[in-house]
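Here is a set of short exercises to work through with the model open in your viewer. Try each task before you read its solution.

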Amino acid sequence: MMLDEPDKPQKLQFRTVWISDLHLGSRFCRAERLLHFLKSIQCDYLYLVGDIIDIWALKRKWHWPKLHSDVVRRILKSDHKGTRVVFVPGNHDELFRSYNRLVFGGVEINNEPIHETADGRKVVILHGDIFDAVVANHRLITFIGDWLYDVLLRVNIWFNALRRWCGFGHWSLSSYIKHRVKKVISFIGSYEEAVVRYAHQKNVDMVVCGHIHHPEVREMGDVLYCNCGDWVENCSAIVEHHDGRIEMLRFGFEGELDSEGTQRVAEPESSRRRAAREPEEALAAR
Ligand SMILES: [Mn+2]
């Protein structure tokens, strides 16, 4: 039996793991590395932050190797091992959004869960495609401001429907970025700003999203912005340690966690200090 193997490597322990943009069902998914990663971790919470199954790709051309089933099976299995699995649908698997708060085979679907870290920080989790409309109109937003921002968040689905109707095609930030290298920086910037602005509205300390395939842990004002990256190119994850520390991991080419290619980016100390201070302030405010 597997359990009795003497040299079985110890699993890495995390409190929480966030991954997004796996794109299972597309031929670009790095399923082998992903499976290796899932096998080498143990966590209390696993958040799947959207674009897990690429239904758009499957509709174009059916592609589902055994390895993709192995990944799904692995995720479903982690529920039995004491991991709470939450699936936050993205735009490539948006049909799951209508099942908000339902539980399928131990996996809870939640369009915008709120998580609390071990050190008491509130985290809003969302895929991030609702900001497409905001980013596409970011010049307009600077002039018209908050009102248009709120409208665009709400009308994102119709915004894309309208674009299609006008013959522009679906506007997705992630595909836009892939095709327009030069403008990437400014678009990533306005995406991040839109996300952080939303986090402010939700009154949270931290936000975890995906969608633009650009892994990041960064303090933006008093919000910690975290982006899971993807398993198409970056093979990255956001993790919370048992003491509440947040880190972004990017895996090496072997998919090994401790190989030389693995990058670890810790959250800035200042956001930790704020986390430690906040409970008292919250009490004082009551
Ligand atoms: Mn997406």
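Start with what "buried" means here: a residue is buried if 20 or more other C-beta atoms lie within 10 Å of its own, and exposed if 12 or fewer do. By that count, buried residues make up 38% of the 286 residues in the chain. Keep in mind that this is a predicted model.

**Exercise 1. Get your bearings**

Task: Find how many helices and strands the chain has, and what share of its contacts with a separation of 6 or more link residues 24 or more positions apart.

Solution: Begin with the elements: there are 10 helices and 13 strands. Then turn to the contacts with a separation of 6 or more: 64% of them are between residues 24 or more positions apart.

**Exercise 2. Trace the sheet of 8 strands**

Task: Work out the strand order of the open sheet of 8 strands and name its edge strands.

Solution: Reading across, the order is 4-5-3-2-1-11-12-13, and the pairing is mixed. The edges are strand 4 (103-104) and strand 13 (263-266), each of which pairs on one side only.

Now walk along part of that order. Strand 1 (residues 12-19) is joined to strand 11 by 3 bridges, and the two run antiparallel; here Thr 16 has Glu 240 of strand 11 as its bridge partner. Next, strand 11 pairs with strand 12 over 5 bridges, in the antiparallel sense, with Val 239 matched to Glu 247 in strand 12. Last, strand 12 (residues 246-250) runs antiparallel to strand 13 and is joined to it by 4 bridges, one partner pair being Met 248 and Val 265.

Don't skip the turn on the way: the hairpin of strand 11 and strand 12 has 5 residues between the strands, and Gly 244 takes a positive phi near 95° there.

**Exercise 3. Look at both sides of strand 11**

Task: Decide whether the residues on the two faces of strand 11 are buried or exposed.

Solution: Take the total to begin with: strand 11 (residues 236-240) has 5 of its 5 residues buried. Then split them by face: Ser 236, Ile 238 and Glu 240 sit on one side, Ala 237 and Val 239 on the other, so both faces are covered by the burial cut-off of 20 or more neighbours.

**Exercise 4. Find the face of helix 1**

Task: Say which residues of helix 1 are buried and what they pack against.

Solution: In helix 1 (residues 31-39), pick out Ala 31, Leu 34 and Phe 37, which are buried. Seen down the helix axis, the buried residues fall within an arc of 120°, so they line one face of helix 1. An α-helix has 3.6 residues a turn, so residues three or four places apart point the same way. Those buried residues pack against strand 2 (41-48) and helix 3 (66-78).

**Exercise 5. Into the nonpolar core**

Task: Find which residues have the most contacts inside the largest nonpolar core, and list what Cys 226 touches.

Solution: The core holds 62 residues, and those with the most contacts inside it are Val 49, Val 207, Val 208, Cys 226 and Ile 238. Helix 9 (residues 184-201) gives the largest share, 5 residues. Leaving out residues up to four places away in sequence, Cys 226 touches Met 206, Val 207, Val 208, Glu 216, Val 217, Ile 238, Ile 246 and Met 248.

**Exercise 6. Two residues of helix 9**

Task: Are Tyr 198 and Ser 186 buried or exposed?

Solution: Both Tyr 198 and Ser 186 lie in helix 9. Tyr 198 has 23 other C-beta atoms within 10 Å, so it is buried. Ser 186 has 11 C-beta neighbours inside 10 Å, so it counts as exposed. For distances along the chain, Tyr 198 and Asp 150 are 48 residues apart, with their C-alpha atoms separated by 9.3 Å.

**Exercise 7. Either side of strand 8**

Task: Find what strand 7 pairs with, then check the phi of Asn 203 and His 213.

Solution: Strand 7 (residues 122-125) runs parallel to strand 8 (residues 206-209), joined by 3 bridges, and Ile 125 partners Val 208. Most residues other than glycine have a negative phi. Asn 203, in the loop between helix 9 and strand 8, has a positive phi of about 60°. His 213, in the loop between strand 8 and strand 9, has one of about 55°. Asn 203 counts as exposed, with 8 C-beta neighbours inside 10 Å, whereas His 213 counts as buried, with 23.

Terms used
Residues are numbered from 1 along each chain as its sequence is written. This is a predicted model: local features need pLDDT of at least 70, side-chain atom pairs count only at pLDDT 80 or more; totals for chains, interfaces and linings use all residues. A nonpolar core is a set of buried Ala, Val, Leu, Ile, Met, Phe, Trp, Tyr and Cys residues joined through C-beta atoms within 7 Å. Two residues are in contact if their C-beta atoms, placed from the backbone, lie within 7 Å. Two strands pair if DSSP finds at least two bridges between them. The arc is that of the directions from the helix axis to the C-beta atoms.
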